[in-house]
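Reader: I should be grateful for a close look at a single part of this structure, namely the packing of helices in one chain. Please set out the contacts with care and define each term where it is used.

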Amino acid sequence: MSYMDSSQSGDESEDNQCEIKRFRHEPKSYNLNRRYERQRPRRSRLASRDAGSYNLKVVESNLQGLIFDNGAHTIKINYSFEEKPKIIPNCIMKAKSERKRLFIGSQIDECRDCSGLFYLIPSERGYITKWDVQKPIWDFVFSKSVCPVNNYPLIMTQPLFNFKSIQDCIDEIFFEEYEVSSMLRINPTDLAVMKYHQEIGAKPPCVIVDSGYSFTHVIPYLEGKKYLKGVRRINVGGKLLTNHLKDIISYRQYHVMEETFVINQVKEDTCYVSQDFKSDLKAAELPSSKNHIIRNYVLPDFNNIRRGYIQDADKKDEIAENCQILRLNNERFTVPEILFHPSDIGIKSIGISEAVVKSIFSCPQYYQKDLAKNIVCIGGSTKFVGFRDRLYNEIRSMIPASWEVNVYQPDDPISYTWMGGKVILKSPDIKAKLPPSKKNLMIGLKWKSMKIHNLNAKLSKLVISNMLKNTTYLGRDLCLKNPTKRLIIKQKILKWQIQENVKKKLMFQAKMMQKRCQV
Amino acid sequence: MMKAFKSQLRGSNRIKECDKRRVIDETQRRRRHRKIMELLESDNYQDDPHADLVMSKKIPKFEDNLEHRSTRTKKKERTAEYYQTKFRKNFQQLVDEDRVEADMTGRVSYIDIAAEESKLPPRHFCAVCGFFGHYSCVSCGMRYCSIKCMETHMDTRCLKWTA
């Protein structure tokens with residue numbers, strides 16, 4: 001109930017003002033969900049009342065900001081008024097060919113010879129641990145040439161259960177070093193949910209499958225909030241897949257253990273998720289004349305060929321004859337298969353589709369049907385050809401036949417969370433999540449020192465709504481059931497109000513002094 | 001009695017051969033597997049190519065701020081090392097700390113959300129060619145599919161990775 005109360009205004013604005021796009025989901029399909037039906041008329045009644053009395057509240061925020069998706073492999077960053085994010089590798093690279101130079105982020109484009117790159121990666125299993133690497137990358141990203149902060153509010157992503165000392169360090173760097181006016185740290189999946197809700201124009205519960213560089217998360221969202229008991233993490237991501245491919249190619253063909261950069265491209269270009277693993281494996285056993293799986297991949301030599309490519313089966317081009325050719329057979333689908341069966345390489349863990357099903361069934365029964373209907377996959381490792389179909393087929397086979405199953409994959413799963421950042425900036429309660437922008441610096445720092453961000457969000461919302469109504473009643477629209485928390489907030493507000501009063505008095509006195517002087 | 005006596009006399013040559021070979025026990029196999037997993041999580045295989053490089057003093061170093069980004073005084077500006085020393089904790093420390101805190105407050109922590117073991121039986125693949133491997137190596141437990149692959153395996157990887 002609390003969710004419904006606190007976000008009424010949010011729902012309204014979207015219903016009224018956003019262009020409602022529906023795709024994949026027919027409006028009829030929500031008939032099953034009694035809750036939505038019941039809520040609809042009630043909400044519209046509230047809307048008319050709300051619009052009359054608190055016009056300010058309903059207006060969609062036109063706040064602009066800098067959206068910063070700090071992935072372990074690539075940073076997705078740009079201002080919210082831009083169309084697409086800039087994608088910058090989140091690492092520092094050292095090349096064999098150019099000594100005395102480090103390539104930070106996208107500077108790697110200037111490197112002529114990308115063979116044997118040595119990587120400095122700031123995060124370990126998705127969590128930032130090497131600050132001496134991360135800081136220069138951020139320095140580069142926020143420099144004048146890329147995306148300076150320019151006093152915009154910052155929306156930054158952090159992994160689920162980000163550790164406390166990492167959070168503190170991020171705060172310190174951003175508030176003190178980059179002097180951001182206000183910052184919101186949020187899980188990337190939260191943003192993806194917002195984007196998804198905006199796209200379909202409704203707010204059903206959904207499951208987010210986020211398969212990135214370091215790990216794969218399956219997170220169910222009920223009523224717009226994470227349901228932690230249903231979260232599953234599989235320690236398989238793009239990094240592991242690339243390293244595995246490197247390992248088997250090195251054993252079977254060329255020694256490529258040092259060529260992470262090239263093999264990652266090989267993985268992106270040739271690997272796919274098999275729809276029928278056993279029959280594909282049988283087909284791969286056939287001799288090359290009958291084999292439709294085998295591919296010849298021309299490796300780059302960084303002289304004539306900058307990026308490798310799949311050689312056409314019919315014509316063998318002339319340049320390729322002098323080049324090294326990698327023959328990929330069952331590697332093409334056994335590598336991404338690890339996502340679905342981590343036990344193939346001895347990781348004792350369930351695969352993605354099992355994890356999704358388990359996650360759905362660990363949620364309250366009431367939501368399960370809707371969760372199966374709204375599965376969203378994001379992240380770079382979901383870009384394998386056939387990933388969505390395989391996931392759908394496997395989930396379909398494990399879910400009761402009468403339930404509808406829907407797996408949605410956005411066109412660009414990598415920057416989907418960044419797009420979600422745009423949505424959150426438009427949401428009417430964003431100003432409550434970010435410290436108010438006028439006295440931004442001071443308050444931003446002060447709030448940072450309070451170090452209870454969630455509480456602050458609620459607090460500021462309350463303060464704003466109080467200012468609007470000019471009343472001082474507390475607690476009700478906060479939906480805080482915990483009395484001690486409510487007390488803390490009460491005290492904070494009192495403090496804040498006292499400070500404000502003192503300020504006002506001082507201002508008044510100063511004005512009076514001025515007037516007297518003029519007279 | 002008679003049968004046992006006979007088998008001792010004649011016996012299979014293959015089994016006799018196997019007895020001579022060094023067999024890695026369960027704990028060692030597990031250690032080996034952990035090493036392979038660590039390799040799969042590693043950032044680099046090779047050593048730092050610039051490790052032996054001595055930077056000349058004139059070249060601006062990586063940590064140096066070339067442009068003045070902010071209005072801060074120079075005194076306050078901090079290098080990357082500052083953050084590294086202040087927040088120096090490796091991943092395991094972070095997880096352990098988180099665990100302790102989570103236990104105290106009773107919230108869900110990083111470790112709790114790790115996916116459980118699958119109920120489906122694991123599939124086995126030939127370590128050499130990647131197709132289904134039905135046989136396992138006596139010494140190290142790796143899988144292979146044919147005599148040809150077995151020989152390759154014996155020649156190359158069988159007793160590698162052992163600690």
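Author: The account below turns from the chain as a whole to its helix pairs, and then to other parts.

This is a predicted model, in which local features need pLDDT of at least 70 and side-chain atom pairs count only at pLDDT 80 or more, while totals for chains, interfaces and linings use all residues. Residues are numbered from 1 along each chain as its sequence is written, and chains are lettered from A and ligands numbered from 1 in the order in which they are written.

Chain A contains 21 helices and 19 strands; these are DSSP runs numbered from the N terminus, with helices (H or I) of at least four residues and strands (E) of at least two. Of its 519 residues, 42% count as buried, a term that requires 20 or more other C-beta atoms within 10 Å of the residue's own, whereas 12 or fewer make a residue exposed and values in between partly exposed, with C-beta atoms placed from the backbone. Among the contacts in chain A with a separation of 6 or more, 68% join residues 24 or more positions apart; a contact means that C-beta atoms, placed from the backbone, lie within 7 Å.

Two packed helices are described by the angle between their axes and the distance between the axes. Here the axes are lines fitted to C-alpha atoms over the stretch in contact, and angles between N-to-C directions run from 0 to 180 degrees. Helix α14 (residues 352-361) of chain A packs on helix α16 (residues 387-398) of chain A at about 45 degrees, with the axes 9 Å apart. α14(A) is therefore oblique to α16(A), since angles under 35 degrees count as roughly parallel, over 145 as roughly antiparallel, 65 to 115 as roughly perpendicular and the rest as oblique. The crossing of α14(A) and α16(A) is right-handed: the near helix is turned clockwise from the far one by less than a right angle, whereas anticlockwise would be left-handed. On α14(A), Ile352(A), Ser353(A), Val356(A) and Val357(A) meet Leu391(A), Glu394(A), Ile395(A) and Met398(A) of α16(A). This contact has six nonpolar, one polar and one charged residues, where Ala, Val, Leu, Ile, Met, Phe, Trp, Tyr, Cys and Pro count as nonpolar, Asp, Glu, Lys and Arg as charged, and the others, Gly among them, as polar.

In a second pair, the axes of helix α7 (residues 188-200) of chain A and helix α17 (residues 416-426) of chain A come within 7 Å and cross at roughly 70 degrees. That makes α7(A) roughly perpendicular to α17(A), and their crossing is left-handed. The residues in contact include Pro188(A) and Leu191(A) in α7(A) and Tyr416(A) and Gly420(A) in α17(A). By class, the contact of α7(A) with α17(A) comprises eight nonpolar, four polar and one charged residues.

A third pair is formed by helix α8 (residues 238-252) of chain A and helix α9 (residues 260-270) of chain A, whose axes come within 9 Å and cross at roughly 100 degrees. α8(A) and α9(A) are therefore roughly perpendicular to each other. Among the residues that make the contact are Leu241(A) and Leu245(A) of α8(A) and Ile263(A) and Val266(A) of α9(A).

Between the chains, 51 residues of chain A are in contact with 44 residues of chain B. Elements of chain A that each supply at least two residues of this side include α8 and α14. The side of chain A that touches chain B has 20 nonpolar, twelve polar and 19 charged residues.

Definitions and conventions. Contact = placed C-beta atoms within 7 Å.
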